[in-house]
Amino acid sequence: QVQLVESGGGLVQPGGSLRLSCVFSGSIFSINLMGWYRQAPGKERELVASSTRGGSTNYADSVKGRFTISGDNAKNTVYLQMNSLKPEDTAVYYCSLQGVRTLARIGDYWGQGTQVTVSS
């Protein structure tokens, strides 16, 4: 069974930084895509950043130049470094692993979410 646990959210002032972490566990053979999504109140969940197995990254236009997705295979961890935070970045952030191959199946997995609030 694959599990994802996010951490690192919190309250930060505009212009500040946070680093989100997503530790995953399970008998994973491969992962096609690691991503961070967010959902603000009253809005649909949106992709923030993703990184594919081939090494390509993709960012939402609203976060380009401010956020960076990275991974540490040795620690089974995906990070989202968020700099120059704005109030409009306030949302629940979710980690996602997609196209995950395990012994039993290929599927997508989500973390429980971590709240990020940007406010003075």
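Is Cys22 buried or exposed? Select Cys22 in this predicted model to find out. Its relative accessibility is 0%, so Cys22 counts as buried, the cut-off being under 20% relative accessible area.

**The disulfide**

Keep Cys22 selected and add Cys95. The two form a disulfide, with their sulfur atoms 2.2 Å apart. The structure holds one disulfide, so a search for sulfur pairs within 2.5 Å ends here. Colour the chain by secondary structure to see what the pair links: Cys22 belongs to strand 3 (residues 18-25) and Cys95 to strand 10 (residues 91-102). These are distant parts of the chain, 73 residues apart.

Next, display the torsion about the S-S bond. For Cys22 and Cys95 the value is about -80 degrees, and the disulfide is therefore left-handed. Cys95 has a relative accessible area of 0%, so this residue is buried.

**The sheet that holds strand 3**

From Cys22, widen the selection to strand 3 and the strands around it. An open sheet of four strands appears, in the order 1-3-9-8 and with antiparallel pairing. Strand 1 (3-7) and strand 8 (67-72) are the edge strands, each pairing on one side only. If you fit axes to the strands, neighbours in this sheet are turned by 15 degrees against each other on average, with direction ignored.

Zoom in on strands 1 and 3. They run antiparallel and are joined by five bridges. To look at a facing pair, pick Leu4, which stands opposite Phe24 in strand 3.

**Strand 10: Gln98**

Go back to the strand of Cys95 and select Gln98, which also lies in strand 10. What is the relative accessibility of Gln98? The value is 19%, and Gln98 counts as buried because the limit is under 20%. Now show the side chain of Tyr37 as well: a polar contact of 2.8 Å joins the side chains of Gln98 and Tyr37.

**Arg45 and two rings**

The next selection is Arg45, together with Tyr94 and Trp110. Over which face does Arg45 lie at 3.8 Å from the ring centre? That ring is Tyr94. Arg45 also lies over the face of Trp110, here at 4.8 Å from the ring centre.

**Aromatic pairs**

Finish with the rings of Phe, Tyr and Trp. How many aromatic pairs are there? The count comes to one, taking ring centres within 6.5 Å as the rule. A pair of this kind is described by the distance of the centres and the angle of the planes.

Methods: Residues are numbered from 1 along each chain as its sequence is written. This is a predicted model: local features need pLDDT of at least 70, side-chain atom pairs count only at pLDDT 80 or more; totals for chains, interfaces and linings use all residues. Side-chain values use heavy atoms; hydrogens and water are left out. Helices (H or I, at least four residues) and strands (E, at least two) are DSSP runs, numbered from the N terminus. Buried means under 20% relative accessible area, exposed over 50%, partly exposed in between (1.4 Å probe, protein chains only). Two strands pair if DSSP finds at least two bridges between them. Axes are lines fitted to C-alpha atoms, for helices over the stretch in contact, and angles run from 0 to 180 degrees between N-to-C directions. Rings of Phe, Tyr and Trp (its six-membered ring) pair if their centres lie within 6.5 Å; planes under 30 degrees apart count as stacked, over 60 as edge-to-face and the rest as tilted. A charge sits over a ring if NZ of Lys or CZ of Arg is within 6 Å of the ring centre and within 35 degrees of the ring normal. A polar contact is a pair of N or O atoms within 3.5 Å; within protein, one must be able to donate a hydrogen and the other to accept it, and residues adjacent in sequence count only if both atoms are side-chain atoms.
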